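Let's take a friendly walk through a protein model and see how its pieces fit together. Have a look at the sequence and the structure first, and then read on.

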Amino acid sequence: MGETAALWALFGTAFLSSTVLPLPSEGALLAFQSVFPTKVSVGVLVATIGNTLGGLTTYLIGRFTSRFFPKIDKFAPQVQSLLGRFGPMTLLFSWIPVFGDLLCGIAGWMKLSVMRCVFWMGIGKGLRYAAVAVMALKLNGFVG
């Protein structure tokens, strides 16, 4: 598989894993990194963009469904409270499996600022992918 195809596969896996499918996007990044060790930063960037766009999709689903379900007081009140208290910055944790998807969806349902939400999603997801990449480099002896 060529570099371009591998980047598209990484993007697709990262995007889908941030919606409702439990895909191993970190594994896809590590696979890319093992085949293209000089392109680690490109892989981290592509995975971050894909995963952030997946989170945005979940946000938009939440925003759309708010029209049909204006009250969700009994559904994830802790998440709603967390988002109400800390706002879009809470989406730094949108990378956490299952919980992160819930954060993105409820942020959309609450109609929090889309630009701020995407910003904090991107920061959180990017830091996670960077940490995974650096740990892999350390384990392989590339970083001291």
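## Where H3 meets H5

The axes of helices H3 and H5 come within 6 Å of each other and cross at roughly 45 degrees. That makes H3 oblique to H5 (angles under 35 degrees count as roughly parallel, over 145 as roughly antiparallel, 65 to 115 as roughly perpendicular, and the rest as oblique). Here the axes are lines fitted to C-alpha atoms, for helices over the stretch in contact, and the angles run from 0 to 180 degrees between N-to-C directions. Helices (H or I, at least four residues) are DSSP runs, numbered from the N terminus. H3 passes H5 in a right-handed crossing; a crossing is right-handed if the near helix is turned clockwise from the far one by less than a right angle, and left-handed if anticlockwise.

Which residues meet here? From H3 come Gly55, Thr58, Tyr59, Gly62 and Arg63, and from H5 come Asp101, Cys104, Gly105, Ala107, Gly108 and Trp109, where contact means heavy atoms within 4.5 Å. The residues of this contact of H3 with H5 divide into four nonpolar, five polar and two charged. In this scheme Ala, Val, Leu, Ile, Met, Phe, Trp, Tyr, Cys and Pro count as nonpolar, Asp, Glu, Lys and Arg as charged, and the others, Gly among them, as polar.

## About the model

This is a predicted model, in which local features need pLDDT of at least 70 and side-chain atom pairs count only at pLDDT 80 or more, while totals for chains, interfaces and linings use all residues. Residues are numbered from 1 along each chain as its sequence is written, and side-chain values use heavy atoms, with hydrogens and water left out.

## H5 and what surrounds it

Is H5 largely enclosed or largely open? Eight of the 11 residues of H5 are buried, so this helix is largely enclosed by the rest of the structure. Buried means under 20% relative accessible area, exposed over 50%, and partly exposed in between (1.4 Å probe, protein chains only). The buried residues are Gly100, Leu103, Cys104, Gly105, Ile106, Ala107, Gly108 and Trp109, and they pack against H3, H4 and H6.

Just after H5 comes Lys111, in the loop between H5 and H6. Its phi is near 60 degrees, a positive value in a residue other than glycine. Lys111 is partly exposed, with a relative accessible area of 47%.

## The two sides of H4

Helix H4 covers residues 77-86, and its Val79, Gln80 and Leu83 are buried. They cover an arc of only 100 degrees around the axis, which puts them on the same side of H4; the arc is that of the directions from the helix axis to the C-beta atoms. On the other side of H4, Gln78, Ser81, Gly84 and Arg85 are exposed. What covers the buried residues of H4 includes helix H5. After H4 comes Gly87, whose phi is positive, near 70 degrees.

## The loop between H4 and H5

Thr90 lies in the loop between H4 and H5, and so does Val98. Is each of them buried or exposed? Thr90 is buried, with a relative accessible area of 4%, whereas Val98 is exposed, with 66%. Leaving aside residues up to four places away in sequence, Thr90 touches Leu82, Leu83 and Leu103. Val98 has a positive phi near 65 degrees, in a residue other than glycine.

## H2 and its two partners

Helix H2 (residues 25-35) packs with helix H3 (residues 40-65) at an angle of about 155 degrees, and their axes are 9 Å apart. That makes H2 roughly antiparallel to H3. The contact is made by Ser25, Leu29, Phe32 and Gln33 of H2, together with Val40, Gly43, Val44 and Asn51 of H3. These residues divide into four nonpolar, four polar and no charged.

With helix H6 (residues 114-139), the axis of H2 comes within 10 Å and crosses at roughly 45 degrees. That makes H2 oblique to H6, and H2 passes H6 in a right-handed crossing. Ser25, Glu26, Leu29, Leu30 and Gln33 in H2 meet Arg128, Tyr129, Val132, Ala133, Ala136 and Leu137 in H6. The residues of this contact divide into seven nonpolar, two polar and two charged.

Notes: Helix = DSSP H or I, 4+ residues; strand = E, 2+ residues; numbered from the N terminus.
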